[in-house]
Structure formats: structure tokens, C-alpha cells
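Please keep the sequence and the model side by side while reading the paragraphs below. They go from a single loop residue to a sheet and then to the residues around it.

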Amino acid sequence: MASTIGVLGCKAPLLQDRVCISRTIECLSVRENRVCFAKRFCAPTPLARISTRSVHRDQLHPLQINAMGENAEKKTEEKTETEAKTAEYSASMQQAMGTTLEYRHELGMNYAHVLTDLIVGSCLQTPADADKLKDAGVGVIFCLQQDPDLAYFGVDLPAIQAHVKELDGIDHYRCQIRDFDPYDLRMRLPVAVAQLHNAIEAHKGKTAYVHCTAGLGRAPGVAKVRRCHPKLESIKAATADLLTEGSKQVVDLKWEGGPKHVEIAGLDVGWGQVYLQTRLPMEYRQSENQWILRRELPVGRYEYKFVVDGVWMTNPELPLSQPNREGQVNNVIEVTDTAQSGASKQLREQLMQEDADLTSEHRAKIRAKLEEIANSGQW
């Protein structure tokens, strides 16, 4: 049986940036919030055998020469376009996640064997990639991408899924999580872990391949392994959600004055991606001369920015965050549940600390919750 993953149960605190490296789930601590793994070995795809028969250019018909030139030019243009998209995606990822890691889509799949039966990596790009995984002993392909992720790089997921169905001993699963969105990772993490656990149980003896787009945020966040940059606050919050009660609270965010248009970025919709902008429009109330957003949010801490007539800015009269690595400052709101018990509040605060730990009772409760989610499909 594959080792349980993510919030399902490291022996060490899954709240910390650590990695499981054996079936007994012993863990190595890390420095500078970088996940270590025992060994990364991405076996290079064997080069295709090339015929030794040579053909001189003078032997080719002019139309063949023209076709060769056109094909080469087309491939060059496609490569240049992909490289440009990759650079744009990496820049957006670095800004949203506060990381220096890069993704190179044009180089094909990259992945790390983090356990003997668990691989974490980047997205499949063609149906042929499924053949490579099957040859590597993979029985579960677990995709965390959304449709806009796939469309951005031109990945034909239906073709990949159709090809996987033609293969014996391997199945494709999908649990969508929004890219670069800590809140969506927090909300979807228990479901993703529960579904992945079920998939692994159904394919005992096989390896699971967990992937998002770059394999650096959502996928290692679910598996909790690989050198990556998952949002640790989201993983901590998801763990706290499983262990404490607390209902959503209604909050009002306001912007004074009368600009033409005001939106909010961040909060519970993320900061957006290069291919998908997610912002919350505010409503202007003329009688109060205010822009207002009323939103229902779970207990937790949220960062956000106002987008005023297209310009991103903070409101200095509202609470502000500390500058991040790039020196950026956001507005911040703490959502609390006044009806929540003192014990639950204390436990949540404890779990959100950097040195938080889980008791055996906590782990048992998490396992029971995830089994319930896996059976019901609801969270």
C-alpha cells in the first residue's frame, strides 16, 4: 500500500515543510522553507533510433526542400511561442507564490520520485506521456489542473484521458484546484487528499503520479513533498479546518469616494493567473459615497488589494501585512467566529504556528474526517 499523504498523515507535522522518505514516514526537517527529498531522478527518455542511411540534399526534390524549410520554421515559431508563455507563466508564479523557482514547459515533463510508489511532477503534455508513465509502473495519474491551465499551454486533456482508457492497469483521475490560489488550495486540499488516497487504495502495488501544471505548488502541496513552493499557510489552515469547528462569517470591505470602478484581488479568489483574472467587483452606494463588498468567509487570515480604476493599491487606513520578499504590502483581514469555543480558537492558533505539532488524537481525527470525505465526496 502506498504511504498516506498530505493532511492524511505524516508521522511528523504535516503543517511544516517536511518530506516523507520511507514507508515508516520518517521525516527530514528542512531549512529556508524548502522541501527536501531523498533523491530526484528523472530518467531521460531514450533517444529514438535514427537510421544510418544518409540522403544528400541534392537528391531531394525542390518541393521536399521547401516543405522541410517550412516545417522547421513552423517548429521554431511554436517553440518560441511556448518559451514566451513559459517565461510569462514563471514570472506570474514567482510573483504570486513568492518563489525563485522556474517552470520550463518546452522541456517536457519533469518529476521527482519522492517515494518508491509516489511521483510528483508537471503536467502531461501529450497522450504519449501516459505511455512513459505506464512504462515506469504508474497506475494512477492524478491531475489537479483546471481547464484554463490546460488551454494556456494547449494541452488536449480529453485526448490524454482517451488514450489512458486504452491502456491496461492505469487510470486517470482529476481533482481541480485553482492555480496560485492559497484559499482554493485550503478549501480543496482535504477532498484532493481523500480522493488520491482512494485511488491509491484501488491500485495497490502501482505508483501514483500527482501533477499540476509545473509540479511546484498544488501537486507537492497535496503530496507534501518535492522541492517546491506550496502555500504552507493554506496547508496549515486546511488542517485547522479539519480539527476545529467554526462557521463562515459575513464581512464588509469598503472603499471611500467615487472612482469609476473598484474591485478586490486576493481574499478568497486568489491573485489571478496570466490566463485568468479573478477579481471581486465592489458595489457603489451613492447615498454613502462608498464602494462595498459583502463576502462570506471561513475563519482565517486573508490578504487582499483594491484595484481602483485598474490601479492596484492598498488602503492605508485598514490593517496592512508585513512586506513580503518583493517588498509588497497588502491589506489584511482576520475573520473570527465569536460563537467558536475557546478551545477551538486556541487549537487553531496553535496549528497556525511555525513549530506546530499534531498529537496522535489529532491524527486519528484527521484520518476519520478524510475517510468520511472520501466516502461522501463532500467537504
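Leu-267 is found in the loop between β9 (262-266) and β10 (280-281), where helices (H or I, at least four residues) and strands (E, at least two) are DSSP runs numbered from the N terminus. Although Leu-267 is not a glycine, its phi is positive, at about 55 degrees. Leu-267 counts as buried because its relative accessible area is 6%; buried means under 20% relative accessible area, exposed over 50%, and partly exposed in between (1.4 Å probe, protein chains only).

The model is predicted, so that local features need pLDDT of at least 70 and side-chain atom pairs count only at pLDDT 80 or more, while totals for chains, interfaces and linings use all residues. Residues are numbered from 1 along each chain as its sequence is written, and side-chain values use heavy atoms, with hydrogens and water left out.

A second residue with a positive phi is Phe-180, which is not a glycine and has a value of about 60 degrees. Phe-180 lies in the loop between β6 and α5, and it is classed as buried because its relative accessible area is 6%.

The loop of Phe-180 leads on to the sheet. In which order do the five strands of the open sheet lie? The order is β3-β4-β7-β5-β6, with mixed pairing, two strands being paired if DSSP finds at least two bridges between them. The edge strands, each pairing on one side only, are β3 (111-115) and β6 (171-174). On average, neighbouring strands of this sheet are turned by 25 degrees against each other, direction ignored; axes are lines fitted to C-alpha atoms, for helices over the stretch in contact, and angles run from 0 to 180 degrees between N-to-C directions. Helix α5 (residues 182-202) packs on the sheet and touches β5, β6 and β7, its direction making about 165 degrees with that of β5; contact here means heavy atoms within 4.5 Å.

Strands of a sheet pair through backbone hydrogen bonds, either parallel or antiparallel. From the β3 edge inwards, β3 and β4 form a hairpin with two residues between them, and these strands pair in the antiparallel sense over four bridges, with His-113 opposite Ile-119 in β4. Strand β4 (residues 118-121) is covered on both faces, since Leu-118 and Val-120 on one side and Ile-119 and Gly-121 on the other are all buried. β4 runs parallel to β7, to which four bridges join it, and Gly-121 stands opposite His-211 in β7. Strand β7 (residues 207-211) also pairs with strand β5 (residues 138-143), in the parallel sense and over five bridges; there, Tyr-209 of β7 is the bridge partner of Ile-141.

Ile-141 also leads to Ile-170, for the two are 29 residues apart in sequence and 7.5 Å apart in space, C-alpha to C-alpha. Ile-170 sits in the loop between α4 and β6 and is buried, because its relative accessible area is 1%. Apart from its neighbours within four places in sequence, Ile-170 is in contact with Ala-130, Lys-134, Val-138, Gly-139, Ile-141 and Val-164.

Ala-130 is also one of the residues touched by His-163, together with Pro-127 and Asp-131, not counting residues up to four places away in sequence. His-163 belongs to helix α4 (residues 157-166). Why is His-163 called buried? The reason is its relative accessible area of 19%. The side chain of His-163 makes a polar contact with that of Asp-131 at 2.9 Å; a polar contact is a pair of N or O atoms within 3.5 Å, of which, within protein, one must be able to donate a hydrogen and the other to accept it, and residues adjacent in sequence count only if both atoms are side-chain atoms.
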